[in-house]
Amino acid sequence: MEVEYVLARKILQLANQIIRNRNEDLKGLGLTAEQADALRFFQGSSNRSAVDLKEHLGISHQAARAIVERMVARDLLMTKISQTDARYKEVSLTEKGMELFEIMQSNCAHTGNQLLSNIGDRDRERFLFLVTQAIDNLKKANESSRGVANDMKGVGE
């Protein structure tokens with residue numbers, strides 16, 4: 001059990017350090033890591049919404065909407081009502097957002113390069129596989145525990 005605890009703590013430390021490094025790298029551009037991820041997500045795509053961003057980033061709908069709204073206010077993103085569904089707002093980059101994305105792309109590979117320095121290509125692929133598997137395991141566990149919690153509603157009342 002100790003190994004699992006230490007590993008979980010190390011992964012949390014890694015995630016926090018990645019966020020700190022990315023935020024430091026992005027500070028000069030006036031972006032947070034989540035805003036940079038939103039720029040990357042909406043860049044070159046159409047028919048995507050804040051709901052799609054929510055799914056991509058694994059955040060709440062309110063958080064995704066807040067990110068989009070802040071970036072619209074800064075003229076980095078624009079929204080328009082979908083022609084196929086009036087309840088749906090499509091999100092895309094403005095010209096200013098595209099320019100910032102290009103600058104970000106050239107400046108912000110820094111954290112990823114630091115993270116993976118001294119790790120060979122084969123180990124990088126294995127690391128990606130293992131991290132993806134760990135995330136999937138946690139998602140499945142959360143889904144199954146929500147199912148159990150829903151099944152327990154009304155028990156003992």
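This section describes two pockets and two helix packings in a predicted model.

Empty space was examined before the packing of the helices. Rolling a probe the size of a water molecule over the atoms shows where empty space is left. The largest pocket has a volume of about 1700 Å³. Its lining comprises 35 residues, and those closest to the centre of this pocket are Ala15, Ile18, Arg22, Val131 and Ile135. Two or more lining residues come from each of helix H1 (2-27), helix H2 (33-42), helix H3 (50-57), helix H6 (110-116) and helix H7 (121-152). Sorted by class, the lining of the largest pocket contains 23 nonpolar residues, together with five polar and seven charged ones.

The second largest pocket encloses about 300 Å³ of space. A total of 13 residues line this pocket, and Ala50, Arg65, Val68, Thr79 and Lys89 are the ones nearest its centre. At least two lining residues are supplied by each of H3, helix H4 (61-73) and strand E2 (89-93). The greatest contribution to the lining of the second largest pocket is that of H4, which provides five residues. In this lining, six residues are nonpolar, three are polar and four are charged.

The packing of H2 against H3 and against H4 was then considered. Two packed helices are described by the angle between their axes and the distance between the axes. For H2 and H3, the axes come within 11 Å and cross at roughly 115°. This crossing of H2 and H3 is right-handed. On the H2 side, the contact involves Glu34, Asp37, Ala38, Phe41 and Phe42, which meet Asp52, Leu53, His56 and Leu57 of H3. Five nonpolar residues, one polar residue and three charged residues make up the contact of H2 with H3.

In the packing of H2 with H4, the axes lie 10 Å apart at an angle of about 85°. H2 is therefore roughly perpendicular to H4. Glu34, Gln35, Ala38, Leu39 and Phe42 form the H2 side of this contact, while H4 contributes Ile67, Val68, Arg70 and Met71. The residues of the contact of H2 with H4 comprise six nonpolar, one polar and two charged. Glu34, Ala38 and Phe42 of H2 thus take part in the contact with H3 and also in the contact with H4. Val68, a participant in the contact of H2 with H4, is also one of the residues nearest the centre of the second largest pocket.

Conventions: Residues are numbered from 1 along each chain as its sequence is written. This is a predicted model: local features need pLDDT of at least 70, side-chain atom pairs count only at pLDDT 80 or more; totals for chains, interfaces and linings use all residues. Side-chain values use heavy atoms; hydrogens and water are left out. On a 1 Å grid over the protein atoms alone, a cavity is a set of points where a 1.4 Å probe fits but cannot get out, and a pocket is an open set with protein on both sides within 12 Å along at least five of seven lines; lining residues have an atom within 4 Å of a point. Grid points are joined across faces, edges and corners, and a volume is the space filled by probe spheres set on the points. Helices (H or I, at least four residues) and strands (E, at least two) are DSSP runs, numbered from the N terminus. Ala, Val, Leu, Ile, Met, Phe, Trp, Tyr, Cys and Pro count as nonpolar, Asp, Glu, Lys and Arg as charged, and the others, Gly among them, as polar. Axes are lines fitted to C-alpha atoms, for helices over the stretch in contact, and angles run from 0 to 180 degrees between N-to-C directions. A crossing is left-handed if the near helix is turned anticlockwise from the far one by less than a right angle, and right-handed if clockwise. Contact means heavy atoms within 4.5 Å. Angles under 35 degrees count as roughly parallel, over 145 as roughly antiparallel, 65 to 115 as roughly perpendicular and the rest as oblique.
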